[in-house]
Amino acid sequence: MIDELKKGAVVQFSANWGEEPTMFNTAQVTRMARDRSWADVSSVWGNKRVPNPDRYMRVVTDPIVIYVKEDDE
């Protein structure tokens with residue numbers, strides 16, 4: 001299943017659900033408890049342990065968008 005919450009999955013937190021996935025509102029799962037009581041995630045903002053990940057995180061299945069700003073000279 002592609003949208004399974006497991007190690008290596010790219011996730012979005014519940015505060016960002018409904019927004020376009022970008023590198024600033026997504027994280028990657030680095031560790032997961034066997035009983036799924038917590039998950040460690042890594043993002044551009046740092047590392048965090050999230051309790052009850054099934055409630056607060058959702059796997060991103062859409063492509064992540066990166067905007068490149070043109071240099072105006």
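How many bridges pair strand β1 with β5, and in which sense? The views below take up this pairing and its setting in a predicted model.

**View 1. Strand β1 (residues 10-13) beside β5.** The two strands pair in the antiparallel sense. Three bridges join them. V11 faces a partner across this pairing: V59 in β5 stands opposite.

**View 2. The open sheet and its edges.** Five strands make up the sheet. Their order is β4-β3-β2-β1-β5, with antiparallel pairing. The edge positions belong to β4 (46-51) and β5 (57-59). Each of these has a single partner strand, so one side of each lacks a neighbour in the sheet. Direction ignored, neighbouring strands are turned by 45° against each other on average.

**View 3. The chain from start to end, as β-β-β-β-α-β.** One helix and five strands account for the secondary structure of the protein. In sequence, four strands precede the helix, and one strand follows the helix. Among contacts between residues at least 6 apart in sequence, 39% join residues at least 24 apart.

**View 4. Extent and surface of the protein.** The C-alpha atoms fill a box of roughly 55 × 25 × 20 Å along the principal axes. Of the 73 residues, 27% are buried. The accessible surface comes to about 5700 Å². Carbon and sulfur atoms hold 50% of that surface.

**View 5. Positive and negative charges of the protein.** There are 10 positive and 12 negative charges. The mean positions of the two sets lie 15 Å apart.

Technical notes. Residues are numbered from 1 along each chain as its sequence is written. This is a predicted model: local features need pLDDT of at least 70, side-chain atom pairs count only at pLDDT 80 or more; totals for chains, interfaces and linings use all residues. Side-chain values use heavy atoms; hydrogens and water are left out. Two strands pair if DSSP finds at least two bridges between them. Axes are lines fitted to C-alpha atoms, for helices over the stretch in contact, and angles run from 0 to 180 degrees between N-to-C directions. Buried means under 20% relative accessible area, exposed over 50%, partly exposed in between (1.4 Å probe, protein chains only). Contact means heavy atoms within 4.5 Å. Accessible areas come from the Shrake-Rupley method with a 1.4 Å probe; for residues, only the protein chains shown count as cover. Lys and Arg count as positive and Asp and Glu as negative; His and the chain ends are not counted. The place of a charge is taken as NZ of Lys, CZ of Arg, CG of Asp or CD of Glu.
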